[in-house]
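I opened this notebook to keep track of what I looked up. Salt bridges come before strands.

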Amino acid sequence: MGRTLFLGLDRQFQLLCPSQNIVEALRPHQKIVFASTGSCYGAIDGICTEETNISPLTLYGKTKANAETIVLKSNGVVLRLATLFGVSSRMRLDLLINDLTQSALIHKKIVLFVGVKFACKEVHSLRRFRKDKSEFLMLAALNIADFIPDCVIQLSDTGEDKDKRDYVVSYEKIAKLGFKSNLSLRTGIQELIKILPQIHRCIDLLLEALKVMTQTTDTSVQSPKSPKSPESEKTKRYDRQLRLWGDCGQLALESSHVCLINATSLGTEILKSLVLPGIRAVTIIDNNVVTEEDIGSNFFLLAEDSVGKSRAKMAAQLLSELNDDLKKADHLDESFESLLESNPNFFANFSLVIATNVNNDKSFNRLCQVLWQNNVPLIACNSIGFVGYIRLQIKEQTIIESHPENPFEDLRLDEPFHQLKQYLDSYEKFEDMSRKELSQTPFLVI
């Protein structure tokens, strides 16, 4: 509702004053819509509705509740907004799921207080699991740990959560209007796991670039140094590809888990090209055994003793030897058709699925649907001699990555100054120029 500068007045009065002023300034035909908060409920047993008696616990909640009274007296409308966790353009890291996911990624652990109290606006979607206040917190931690295998959950009997809010809000009215949430808790956690490392990496690069830019000597400003200097062993190893897709691209690669369906010669060659640059994990699904034909066409199958053994196991074993940075090389001696029948959500845990030599159209179409619903890209490919094909299924994806070589700003002009514009306009059409005239035209003009 705006900020006041009545620094000598009571804090609560400062927060309420703008609301009161706006209400008093309303014209007869005007109505105010006030954005309030669920924090007005405080700690409530049962399901909260508009008729529930509120008991705010914080100054923020109390001032919002008092402002609601002012607005309702003026015949206004009050909306108690809920805060959603997950990825957004202005993402908050203090929300419950966001905070726990960040802790799991950075510290590899989630610490829960025994008997902790908490507040979460998405409890309604998991109400059937909720028996006490700490059960949702444990449920969220277990879901996060499912996607971060090296994360541990620790229970602590020391300390407490200072946030005493605890309430569940009814969503029956909006559900009757046809509203339905498309994103589940697990999908939101998956998105956070993909985005948070890139955000932290970009922040680190910005801070490092800022530090380089501000370094000066007693006489002059030092020339900027590359954020990657001094070069680490890892930077030296991946120097060529870092020049191609930059630090953010490398970080995305190092946090990816790729699934390969069928360890054919084409499939293992694709995985080789991902393992060498530093992918985090691979999983191979193949229920076939190694044959003489495989040995003649697949470099990743041992010629001596691999015949008759699991093709997925042998390929995973040799691929894992290519790069020490590969954290995990799993294999499943099972067909992807049977996995789709028994556990279709299994494929939702991957960053990318590669399917080679898949001939079952019905199962393949179902796999496409499962991956599309879970926003997992799919590459389908096959090769027969010198003939092959590749097909890509992915939702719209926008990537802007300039990865400049120095921390200075881009000097390209999108709004040229007047004199430059005049100079550019002085040139005739390029198609009417001779080869000699065109070769003498400054590149900036072209």
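Entry 1, salt bridges. I counted 11 salt bridges, taking one as a side-chain nitrogen of Lys or Arg within 4 Å of a carboxyl oxygen of Asp or Glu. The model is predicted, so I noted its limits: local features need pLDDT of at least 70, side-chain atom pairs count only at pLDDT 80 or more, and totals for chains, interfaces and linings use all residues. Residues are numbered from 1 along each chain as its sequence is written, and side-chain values use heavy atoms, with hydrogens and water left out.

Entry 2, Asp146 and Arg186. I found their side chains in a salt bridge at 3.1 Å, N to O. The pair links distant parts of the chain, with Asp146 in helix α4 (residues 135-147) and Arg186 in helix α6 (residues 185-214), 40 residues apart. Helices here are DSSP runs of H or I with at least four residues, strands are runs of E with at least two, and both are numbered from the N terminus. Arg186 has 31% relative accessibility, so I entered Arg186 as partly exposed. On this scale buried is under 20% relative accessible area, exposed is over 50%, and partly exposed lies in between (1.4 Å probe, protein chains only).

Entry 3, Asp294 and Arg311. I read 3.2 Å, N to O, for the salt bridge between these side chains. Asp294 belongs to helix α10 (residues 292-297) and Arg311 to helix α11 (residues 311-319), distant parts of the chain 17 residues apart. Are the two partners buried or exposed? Asp294 is buried at 12% relative accessibility, and Arg311 is buried at 8%.

Entry 4, Lys328 and Asp330. I noted a salt bridge between their side chains at 3.8 Å, N to O. Lys328 is partly exposed at 27% relative accessible area, and Asp330 is partly exposed at 32%. I also noted that salt bridges with shared partners join Asp286, Asp294 and Arg311 into one network.

Entry 5, strand β8. I looked at residues 281-285 and found five of the five buried, so β8 is largely enclosed by the rest of the structure. Ala281, Thr283 and Ile285 are buried on one side, Val282 and Ile284 on the other. In a regular strand the side chains alternate between the two faces of the sheet.

Entry 6, neighbours of β8. Strand β7 (residues 257-261) runs parallel to β8 and is joined to β8 by five bridges; strands pair if DSSP finds at least two bridges between them. Strand β9 (residues 328-332) also pairs with β8 in the parallel sense, over five bridges. I traced Thr283 to Cys259 as one bridge partner and to Asp330 in β9 as another.
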